[in-house]
Amino acid sequence: MRFSADHRPIETARGQEFAGLARTLFGNVRLDFTAADEEKSSMLSAMLGACRLTRLEADRHMVFGERVTARPDDPDAIKLILQAEGSASITQGGLHAPISTDALVIYDPRRPYVLTNSTPVRQLLLQLPRQALPQAAVERLAAPFTAHAEYDGMCGILLSLMETTMHEIGHLD
């Protein structure tokens with residue numbers, strides 16, 4: 001474990017430690033690397049105020065979120081994923097949405113979902129505390145919301161901001 005400039009922990013995991021850190025940071029999720037190489041996986045994560053920013057690099061795998069907030073200490077946050085590299089899809093609330101490179105997906109992990117990373121991926125994940133968002137916005141996330149940087153300027157700005165933040169994470173105060 002490393003520390004940022006203000007001595008907050010920067011959590012990291014590689015290989016077989018990857019799934020355990022994923023459960024700690026994202027709640028009661030199950031990862032399935034079936035025919036892929038879990039050893040190619042790495043994660044870097046830090047708290048930024050009330051939000052958590054994570055960079056994840058992994059071989060193809062699936063994430064099953066059936067009861068993400070099963071325990072009282074599981075994080076209760078809305079999740080925003082920026083797909084920096086690779087292809088994925090999310091199935092939730094009767095909707096199946098593809099997630100290509102430079103795409104964004106926002107979803108409520110309290111609702112059952114399956115995230116399929118069909119290729120090796122690099123993703124930036126931002127967890128926003130549920131209570132920080134208006135209730136109407138949370139209610140609209142019965143199904144995931146997607147956007148693409150090529151068509152949505154805010155998505156491109158978020159991608160750049162999150163990548164720069166992850167690059168400088170050890171120096172932030």
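Valine 63 stands opposite leucine 115 of strand S11 in this predicted model. The two strands concerned, S6 (residues 61–65) and S11 (residues 113–117), run antiparallel and are joined by five bridges. Valine 63 and leucine 115 also appear among the residues closest to the centre of the largest cavity. The points below cover the sheet, the nonpolar core, the empty spaces and one helix residue.

**The five-stranded sheet**

- S6 and S11 belong to an open sheet of five strands, ordered S3-S6-S11-S8-S9, with antiparallel pairing.
- Strand S3 (30–32) and strand S9 (95–99) form the edges of this sheet, each pairing on one side only.
- On average, neighbouring strands of the sheet are turned by 15° against each other, direction ignored.
- Strands of a sheet pair through backbone hydrogen bonds, either parallel or antiparallel.
- Between S6 and S11, a further pair is formed by methionine 62 and its bridge partner threonine 116, which lies in S11.
- S6 also pairs with S3, in the antiparallel sense and over three bridges.
- In the pairing of S3 with S6, arginine 30 stands opposite phenylalanine 64 of S6.
- Four of the five residues of S6 are buried, so that this strand is mostly covered.

**The largest nonpolar core**

- The largest nonpolar core comprises 28 residues, and the most contacts inside it are made by Leu31, Met43, Ile90 and Tyr113.
- At least two residues of this core come from each of helix H1 (18–26), strand S5 (51–58), strand S8 (88–92), S9, strand S10 (103–107), S11 and strand S12 (121–129).
- Helix H1 gives the most to the core, with six residues.
- In soluble globular proteins, nonpolar side chains tend to be buried together.

**Cavities**

- The model contains two cavities of 30 Å³ or more.
- The largest cavity holds about 110 Å³ of space.
- This largest cavity is lined by 16 residues, of which Phe26, Leu56, Val63, Leu115 and Leu125 are the closest to its centre.
- H1, S6, strand S7 (77–85), S11 and S12 are the elements that give two or more residues to this lining.
- By class, the lining of the largest cavity consists of 12 nonpolar, three polar and one charged residues.

**The largest pocket**

- The largest pocket has a volume of about 170 Å³.
- Its lining is made up of Ile78, Leu80, Ile106, Leu128, Leu133, Ala137, Arg140, Leu141 and Phe145.
- Eight residues of this lining are nonpolar, none is polar and one is charged.
- The charged residue in the lining of the largest pocket is Arg140, because arginine counts as charged.

**Alanine 22 in helix H1**

- Alanine 22 lies in helix H1.
- With a relative accessible area of 3%, alanine 22 counts as buried because this value is under 20%.
- Alanine 22 and glutamate 66 are 44 residues apart in sequence, and their C-alpha atoms are 14 Å apart in space.

Definitions and conventions: Residues numbered from 1 in each chain as written. Predicted model: local features only at pLDDT ≥ 70, side-chain atom pairs only at ≥ 80, totals over all residues. Heavy atoms only, no water. Pairing = 2+ DSSP bridges. Axes fitted to C-alpha atoms, helices over the stretch in contact; angles between N-to-C directions. 1 Å grid on protein atoms, 1.4 Å probe; cavity = no way out; pocket = protein on both sides within 12 Å on 5 of 7 lines; lining within 4 Å. Points joined across faces, edges and corners; volume = space filled by probe spheres on them. Buried < 20%, exposed > 50% of the residue type's maximum accessible area, 1.4 Å probe, protein only. Core = buried A, V, L, I, M, F, W, Y, C linked by side-chain atoms within 4.5 Å.
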